[in-house]
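Reader: Hey, got a minute to walk me through this model? I'd like to get a feel for the fold before I head back to the bench.

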Amino acid sequence: MEKRNILVVFGTRPEVIKLAPVILELKKYPEKYNVIICNTEQQKELSNQTLAYFDLKADINLDVMKPNQSLLEVQTRILSALNTVYSENKVDATIVQGDTMTVLCGALASFYNKIPVFHVEAGLRSYDIYEPFPEEVMRQMTSRVAEIHFAPTEKNRQALLKENIPENKIHVVGNTVIDALFCLSSDTMETAKNYFKDLGVTVDDKLVLITAHRRENHGERIDRIIDSIKYLVQKYENHTFVIPVHPNPNVKNKIHERLGRFSNVKLLTPLDYPYLVYLMKNAKLILTDSGGIQEEAPSFGCPTLVMRYETERQEGIDAGVSTLVGADYEKIVILSENILSNSRENSRLKASNPYGDGTSAMQIRNIIDNYFDI
C-alpha cells in the first residue's frame, strides 16, 4: 500500500484547534499517511502556543508576517512561501480549514500544483462579502477549487449545493472544534484553574467572558462595544469581566484606555486554548465576535451574544444557543442585563450543541481513506 503525503496548512490559532484533531487522527495510521504540518505563522505566537498544547510541532514554519502589511501583501508573501513548500515536497493532498488568508493561499497553491484540496469547515456563508471581511470571500473562493468539502452541518451542505458543488464531494461531518474540546483532560482543567488563581482572577458563577477583535468591528463599532461593556461593568460590580485582549492596536489601546481602571475588569493577554475553554466552561455570559466561540460555547450551555451583524454560523442562532447583537449598544446592554440579573444556574442553555458530537475527525479520516482507496 502506497503511503500518502498529506500537507496540512494553517496559520492561526482557530485553525490549529480545528485541525489538530484531524492531524492526530491521521497520525494514528502511519502506514497510510505521512502528515506534513505547515504553519504559515499568520498568528505566529498564538498558533505555535496552541500546537504545543496538542503535543504537535510544525514541520515547516513560513514566518510570513511583517508589521502593518496590507491584505494584498500578506497574500503575496504566503503564496510565495508556499510555492517553495510544494516544489520541495511530494504532496498527495492539501488540507485547509476555515476562511483565513492562509486557507485561501493554501487552496490556491495546491490548485496551481494540481493537488486535491480537502476543505475542513466548508460551506459557511453570510452572503455579504464585507461581513465578515475578508473571510466571506476567502471561503467562497476556496470552495471553487476544493475536491472534498467537509461541511459541519446540513445547512452548510445546502449552501454548497446551491453553488453547484457536486453532491458526492460534500460530506456533513460536524465541526472538529467539538472534537478538540473532548481532548481536554481533568489535569489540563486543573492547570487552567490554578493559572487564573495565580493571576488573581475570580472564576465563579459571576464570570463574564468578552472577546472582540474582528476587523469589521474596528473604528466606531469597537467604541460602541466598549461603551456597552463599560455600562455593564459599572452596573454589575459583583461580576468579574474577563477580556483576553487581542494584540491589534486598533482594539488593544482602546480597551486598555477605557476599561483598564475598573477593579472588576481583568484585561489579559491572548489565552492559550485550554485556558480559554476553562473560562467558557465557567462563564455566566459570553460576549464575542469570534466564530470558534460561537461553536464551542453551546457545549457548556453558556448564553452567547454575538457582536456581529451577520453570522455564517446560523445554526446556533436557530437553536437559540446564541443571539446576534452586532455592535448595537442597546441590544448588548438589554440582553446582557437579562442574563446577568439572573443566577448562572437559571440562565443555562438546555439545547444540545448543533455543531457536532466529537467524532468529526474520525469521519474525515474515513472519507480520506475512501478517496485514496486505502
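Reader: How many helices and strands does the chain have?
Author: There are 15 helices and 13 strands. Keep in mind that this is a predicted model.

Reader: Ok. What's the radius of gyration, and what would a compact globule have?
Author: The chain has 20 Å, and a compact globule with 374 residues would be near 21 Å, so the two agree. Along the principal axes, the C-alpha atoms fill a box of roughly 65 × 40 × 40 Å.

Reader: What percentage of the residues count as buried?
Author: 57% of the 374 residues do. As for the outside, the accessible surface of the chain is about 15,800 Å², and carbon and sulfur atoms make up 47% of that.

Reader: And contacts: what share comes from residues 24 or more positions apart?
Author: Taking contacts with a separation of 6 or more, 69% are between residues 24 or more positions apart.

Reader: Let's zoom in. Which residues of helix H11 are buried?
Author: Tyr273, Pro274, Tyr275, Leu276, Val277, Tyr278, Leu279 and Met280. That's eight of the 10 residues in H11, which spans 273–282, so the helix is largely enclosed by the rest of the structure.

Reader: What about H5, which residues are buried there?
Author: H5 runs over residues 135–145, and its buried residues are Glu135, Glu136, Met138, Arg139, Thr142, Ser143 and Val145.

Reader: What covers them?
Author: The cover includes two helices, H4 (101–112) and H6 (154–162), along with strands S4 (93–97), S5 (117–120) and S6 (148–151).

Reader: Switching to charges: how many positive and negative ones are there, and how far apart are their mean positions?
Author: The chain has 43 positive and 49 negative charges, and their mean positions lie 2 Å apart.

Reader: Now cysteines, my usual worry. How many disulfides?
Author: The count is zero.

Reader: Why no bond for Cys38?
Author: Because the closest cysteine sulfur, in Cys105, is 11 Å from the sulfur of Cys38, too far for a bond. A disulfide here needs the two sulfur atoms within 2.5 Å. Looking from the other side, the closest cysteine sulfur to Cys105 is the one in Cys38, again at 11 Å and too far for a bond.

Reader: And is Cys38 buried or exposed?
Author: Cys38 counts as buried, with 0% relative accessibility.

Reader: Cys105, buried or exposed?
Author: Cys105 is buried, at 0% relative accessibility. For a residue to count as buried, that value has to be under 20%.

Conventions: Residues numbered from 1 in each chain as written. Predicted model: local features only at pLDDT ≥ 70, side-chain atom pairs only at ≥ 80, totals over all residues. Heavy atoms only, no water. Helix = DSSP H or I, 4+ residues; strand = E, 2+ residues; numbered from the N terminus. Rg over C-alpha atoms; globule rule 2.2 N^0.38 Å. Buried < 20%, exposed > 50% of the residue type's maximum accessible area, 1.4 Å probe, protein only. Contact = heavy atoms within 4.5 Å. Areas by Shrake-Rupley, 256 points an atom, 1.4 Å probe, with all protein chains shown as cover. Lys, Arg positive; Asp, Glu negative; His and termini not counted. Charge placed at Lys NZ, Arg CZ, Asp CG, Glu CD.
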